[in-house]
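Q: I'm new to this structure and would like a close look at one part of it. Could you walk me through helix 8, its packing partners and the pockets around it?

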Amino acid sequence: MAIAKTKVTIVGCGNVGTSLAYYLVNNHICNRLLLVNRTEQKAWAEAEDLKHSLGFSNIKMEIKSGSFQDCGDSDIIIITVAAMYREGMSRLDMYAEACKIMDETIPPIMDSGFQGIFLVVTNPVDLITQYVQKLSQLPSQRVIGTGTSLDSARLRIYLAELMDVDPRSVNAMCMGEHGDSQMIPWSTVTVGGKPFMDIIEDNPRRMKNVDLQNILTHISQIAYDIVKYKKATYYGIASVTGQIVKAILYDEDKVMPVSCLLRGEYGLSGTYVGIPAVVYRNGIKETVTYHLTDDELNKFRLSVQKLRDAVK
């Protein structure tokens, strides 16, 4: 019996899409990779360049460029094509233009017979993921956004450097909008298994300059600083997206903070937002609901309300 081969399609060959493609190839996460781009020659050139990177490697992988018509047998389609960013914009300001791009992208993909999993990277990712689900009419468990996964990665790195420990010793996740209104549930953050709030209390001299609000501001705003000097962020988001892809294809049951549909969690329903969820072969298996403090719950609800207001 033949062993099934996994196929991943990336729609959008900009900095994010190509960085992600390189991550998938170098980590041999799938067997077949398809690149689709509005400018077909760009997708062809990126595919050829990626194939050449395998010349002296131990990886055997099929890499092609193609069109929406070639997407039907994909296990996962990753949407990285983005609206134009202009300095001073927030992610939510990109919503209307990004919706127009999805109107041109999702219907022809569905016409190809696609019934796999959509993984959305396009900002504002929470709102666009919900829009993709509406356009595709796929079950919400199979339409996922990267959510606050990148924010959480940034938070782990920040706290690891602050504490001078390995990032793998930090358990911390951001929640809410992947944007300015996100929040950090500090009551759930641990370093080496010890609650971060206890670390602050037990080490008043060492931690005297730690300001939780300043940390949140840094995490939510650092992307704008990076974009100011290099025009985009792509290595970080490519890495976390690749890890979500691996969690799906390898059926890892991995808990990650992704954008998924609220179904009563925290007393809220009907909105896509970044929350911890168990990611497995069919998308979202279940969500992980924290016991938030009253203040944390209020901040999370305000973030969700900001997303709802943006749609209105």
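A: Let's start where helix 1 meets helix 8: the two pack at an angle of about 50°, and their axes are 8 Å apart. That angle makes the pair oblique to each other. As for handedness, helix 1 crosses helix 8 in a right-handed way. On the helix 1 side, V16, S19, L20, Y23 and L24 make the contact, and they meet Y235, I237, A238, S239, T241, G242, Q243 and V245 of helix 8. Sorted by class, this contact has eight nonpolar and five polar residues, with no charged ones. Keep in mind that this is a predicted model.

Now for another partner. Helix 5 and helix 8 pack at an angle of about 110°, with 9 Å between their axes. Those two helices are therefore roughly perpendicular to each other. Here too the crossing is right-handed. Helix 5 brings S149, L150 and A153 to the contact, while helix 8 brings G236, I237, V240 and I244. By class that gives five nonpolar residues, two polar ones and no charged ones. If you look back at the helix 1 contact, you'll find I237 there, and I237 is also part of the contact with helix 5.

Next, the pockets. The second largest pocket has a volume of about 390 Å³. It is lined by 22 residues, and S149, L150, A153, R154 and V240 are the closest to its centre. You've already met some of these names: S149, L150 and A153 of helix 5 and V240 of helix 8 take part in the contact between those helices. Helix 8, which covers residues 235–249, supplies at least two residues of this lining, and so do helix 5, helix 7 and strand 10 (254–263). The lining breaks down into twelve nonpolar, six polar and four charged residues.

The largest pocket has a volume of about 1,300 Å³. Its lining takes in 47 residues, of which V16, T80, V81, A82 and A83 are the closest to the centre. V16 is a useful link, since V16 of helix 1 is also in the contact with helix 8. Helix 1 (15–26), helix 2 (40–52), helix 3 (95–111), helix 5 (149–163) and helix 7 (212–230) each give at least two residues to the lining of this pocket. Helix 5 and helix 7 also each supply at least two residues to the lining of the second largest pocket. In the largest pocket, 20 lining residues are nonpolar, 16 are polar and eleven are charged.

While we're here, follow the chain on from helix 1. H28 is in the loop between helix 1 and strand 2 (32–36). Its phi is near 45°, which is a positive value in a residue other than glycine.

Helix 3, one of the helices lining the largest pocket, has a packing partner of its own. Helix 3 and helix 4 (residues 125–136) pack at an angle of about 35°, and their axes are 9 Å apart. This is another right-handed crossing. Y95, A98, C99, M102, D103, I106 and M110 of helix 3 touch L127, I128, Y131, V132, L135 and S136 of helix 4. This contact has eleven nonpolar residues, plus one polar and one charged.

One last stop is the loop between strand 5 (117–120) and helix 4, where you'll find P124. The peptide bond joining N123 and P124 is cis, with omega about -5°.

Terms used. Residues numbered from 1 in each chain as written. Predicted model: local features only at pLDDT ≥ 70, side-chain atom pairs only at ≥ 80, totals over all residues. Heavy atoms only, no water. 1 Å grid on protein atoms, 1.4 Å probe; cavity = no way out; pocket = protein on both sides within 12 Å on 5 of 7 lines; lining within 4 Å. Points joined across faces, edges and corners; volume = space filled by probe spheres on them. Helix = DSSP H or I, 4+ residues; strand = E, 2+ residues; numbered from the N terminus. Nonpolar A, V, L, I, M, F, W, Y, C, P; charged D, E, K, R; others polar. Axes fitted to C-alpha atoms, helices over the stretch in contact; angles between N-to-C directions. Parallel < 35°, antiparallel > 145°, perpendicular 65-115°, else oblique. Left-handed = near helix turned anticlockwise from the far one by under 90°. Contact = heavy atoms within 4.5 Å.
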